[in-house]
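Student: I have a structure in front of me and would like to know how its labels are earned. Please take me through the reasoning.

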Amino acid sequence: MPHREGGRAGLALTLDWRDPRRRQQLLLVAALVLGVGLLVAGQLGSHARPPGSAGTSSRSPAAPATAAAVDPLEPMAAQLAARLEAILSQVRGAGRVQVEVHLARGPRYQYASNQVSTERRTEEQDAGGGRRTITEQRDERQLLLGGGTRRD
């Protein structure tokens, strides 16, 4: 084995930073090793946390109870279930009825509106034979708000 300064002959051959292609390969390998290391460290860190520590994942046993309490759709689902139970229990021969409702999303409100669309087209021709077309479009919407019950 040839002897270079400081006894680093083998290391100097493998880590030659002067060759641009070799430098690019080494940087790519270093980035790959660093990325895999961070992924492994993240997986190990999430399993090593004690249950009461800050940053606990939402998969802990206490999470479903708090998630249900925070869910804004829960009161709406309970009210709908109670209404359905009342209606279904009135069916003759149905017996005792229990209903459970799970909502995937909240209500979608679609408001009524008065809409007026107008299009006016004017064609003009001047004395020199030139034509000009003018198109005017108007779109007007008015939101309808309920003012209570109507009595005719």
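**Labels and their reasons**

Tutor: The accessible surface of the chain comes to about 14400 Å², and 55% of that belongs to carbon and sulfur atoms. Keep in mind that this is a predicted model. The average pLDDT of the chain is 76, with 68% of the residues scoring at least 70. Over residues 52-63 the pLDDT is below 50, and this stretch has 4 contacts in the model beyond near neighbours in sequence.

Student: Which elements does the chain have, and in what order do they run?

Tutor: There are 4 helices and 2 strands. From the N terminus on, the order is α-α-α-α-β-β. Of the 152 residues, 5% count as buried.

Student: Why is V40 called partly exposed?

Tutor: The relative accessibility of V40 is 46%. Buried requires under 20% and exposed requires over 50%. V40 meets neither condition, so the label is partly exposed. The residue lies in helix α2, residues 20-48. Together with L32, V36 and L44, V40 forms a nonpolar patch on the surface, with about 390 Å² of accessible area in total.

Student: What makes E136 and R120 a salt bridge?

Tutor: Their closest N and O atoms are 2.6 Å apart, and the rule asks for a side-chain nitrogen of Lys or Arg within 4 Å of a carboxyl oxygen of Asp or Glu. The pair therefore qualifies.

Student: Where in the chain are the two partners?

Tutor: E136 is in strand β2 and R120 is in strand β1 (residues 113-125), so the pair, 16 residues apart, links distant parts of the chain.

Student: How do you know whether R121 and E119 are exposed or partly exposed?

Tutor: R121 has a relative accessible area of 54%, and because exposed means over 50%, R121 is exposed. E119 has 48%, which lies between the two limits, so E119 is partly exposed. Their side chains meet in a salt bridge at 3.3 Å, N to O.

Student: Why do E140 and R138 count as a salt bridge and also as a polar contact?

Tutor: The closest N and O atoms of E140 and R138 are 2.7 Å apart, within the 4 Å limit, so the salt bridge counts. A polar contact needs N or O atoms within 3.5 Å, and the side chains are joined at 2.7 Å, so that label holds too. E140 sits in strand β2, residues 131-143.

Student: Which residues does E140 contact, leaving aside neighbours within four places in sequence?

Tutor: E140 is in contact with N114, Q115 and V116.

Definitions and conventions
Residues numbered from 1 in each chain as written. Predicted model: local features only at pLDDT ≥ 70, side-chain atom pairs only at ≥ 80, totals over all residues. Heavy atoms only, no water. pLDDT = per-residue confidence, 0-100. Contact = heavy atoms within 4.5 Å. Patch = residues over 30% accessible without salt bridge, like charges linked within 9 Å, V, L, I, M, F, W, Y side chains within 5 Å. Areas by Shrake-Rupley, 256 points an atom, 1.4 Å probe, with all protein chains shown as cover. Buried < 20%, exposed > 50% of the residue type's maximum accessible area, 1.4 Å probe, protein only. Polar contact = N/O pair within 3.5 Å; in protein donor to acceptor, adjacent residues only side chain to side chain.
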